[in-house]
Amino acid sequence: KLPEEGDTDFEHYKNDTRIKIINLARLWPEKNQKQLVAASKILVDRGHDVGVYILGEGPMRAPLEAAIQKNDLTNNVYLLSVKRNPFPYLADAQCHVLSSSYEGQGIVLLEAMTLDVPCVSTDIPGPRSVLNNGLGILTEETPEALADGMEQIIMKRFKPKRFDPEAYNADALKRFLDAVAG
């Protein structure tokens, strides 16, 4: 799919030749993008030339902007607004990161895997149920662990298993019907 008409952010994003890491989430405390900013600083300090793109809006925008400034990451971490169609961004990323402190199903992980975008997530119940068995990288909830997970993808040391969305849907439906039948 194409980006929205007049989306100037996408031109900058598409033309960024660095490793692109993306986070699609509301800017709320539980999404813990401050941890992602800290992990980005670790990657940059390790010599990785990355562009980290956070797409979302919410009350954490000002604290995230401050953390980006404080860590001298204005040329590496970008806060973009909510996009009606985030899929062109996601499809062009080399890594999707979910940095949440708590999360439900993590639908964005399923979307990323459907587009063959490797995923890194904090090891919490929702993402664990999606990324287990080699579909993604689960990390401790620390900036260092997130940076280590992203670095595995940057350095091509992790190759996720192929995700089959149709098989996933069939399994989810079966589990639902089994639970209802009781």
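# Reading a predicted fold, feature by feature

Modeller: Let's start with one residue: Leu 177 counts as partly exposed, since its relative accessibility is 46%. Keep in mind that we're looking at a predicted model.

Colleague: How do I read that label, and in which helix does Leu 177 lie?

Modeller: The general idea is a scale with two cut-offs: under 20% relative accessible area is buried, over 50% is exposed, and partly exposed sits in between. Here, 46% puts Leu 177 in the middle class. As for its place, Leu 177 belongs to helix α8, which spans residues 165-181.

Colleague: Which residues make up the nonpolar patch on the surface?

Modeller: Leu 177 is one of them, along with Leu 173, Phe 176 and Val 180. Together they offer about 420 Å² of accessible area.

Colleague: On to the sheet. In what order do the strands come, and is the pairing parallel or antiparallel?

Modeller: Read a sheet from one side to the other, rather than along the chain. In this model the order is β3-β2-β1-β4-β5-β6, an open sheet of 6 strands with parallel pairing. The edges are β3 (77-80) and β6 (137-139), each with pairing on one side only. From one strand to the next, the twist averages 20 degrees.

Colleague: How many bridges join β1 to β4?

Modeller: There are 2, linking β1 (residues 19-24) with β4 (residues 95-98), and these strands run parallel. For a pair to look up in the viewer, take Ile 21, which stands opposite Cys 95 in β4.

Colleague: Which strands does helix α5 lie across?

Modeller: Helix α5, residues 107-114, lies across β1, β4 and β5 (119-122). To read the angle, compare N-to-C directions on a scale from 0 to 180 degrees. Relative to β4, α5 runs at about 170 degrees.

Colleague: Now salt bridges. How many does the structure hold?

Modeller: The count is 18. One of them pairs Glu 151 with Arg 46, with 2.9 Å between the closest N and O atoms. Along the chain these two are 105 residues apart: Glu 151 sits in helix α7 (residues 143-154), and Arg 46 in the loop between α2 (33-45) and β2 (50-55).

Colleague: Is Glu 151 buried or exposed?

Modeller: Glu 151 is buried, because its relative accessible area is 15%. Its partner Arg 46 is partly exposed at 37%.

Colleague: What about Asp 116 and Arg 162: how far apart are their closest N and O atoms?

Modeller: In that salt bridge the closest N and O atoms are 2.2 Å apart. The pair also links distant parts of the chain, with Asp 116 in the loop between α5 and β5, Arg 162 in the loop between α7 and α8, and 46 residues separating them. Asp 116 is partly exposed at 48%, while Arg 162 reaches 63% and so counts as exposed.

Colleague: Which salt bridge lies within a helix?

Modeller: Try Arg 175 and Asp 171, whose side chains meet at 3.0 Å, N to O. Both are in helix α8, 4 residues apart, or about one turn. Also worth selecting is a network: salt bridges with shared partners join Arg 46, Asp 148, Glu 151 and Arg 157.

Colleague: Last one: where is Thr 74, and which residues does it contact beyond four places in sequence?

Modeller: Thr 74 is in the loop between α3 (61-70) and β3. Leaving aside neighbours within four places, Thr 74 contacts Ile 68 and Gln 69. Its C-alpha atom is 37 Å from that of Asp 164, which is 90 residues away along the chain.

Conventions: Residues are numbered from 1 along each chain as its sequence is written. This is a predicted model: local features need pLDDT of at least 70, side-chain atom pairs count only at pLDDT 80 or more; totals for chains, interfaces and linings use all residues. Side-chain values use heavy atoms; hydrogens and water are left out. Two strands pair if DSSP finds at least two bridges between them. Contact means heavy atoms within 4.5 Å. Patches are made of residues with over 30% relative accessible area and no salt bridge: like charges are joined within 9 Å, nonpolar side chains (Val, Leu, Ile, Met, Phe, Trp, Tyr) within 5 Å. Accessible areas come from the Shrake-Rupley method with a 1.4 Å probe; for residues, only the protein chains shown count as cover. A salt bridge is a side-chain nitrogen of Lys or Arg within 4 Å of a carboxyl oxygen of Asp or Glu. Buried means under 20% relative accessible area, exposed over 50%, partly exposed in between (1.4 Å probe, protein chains only).
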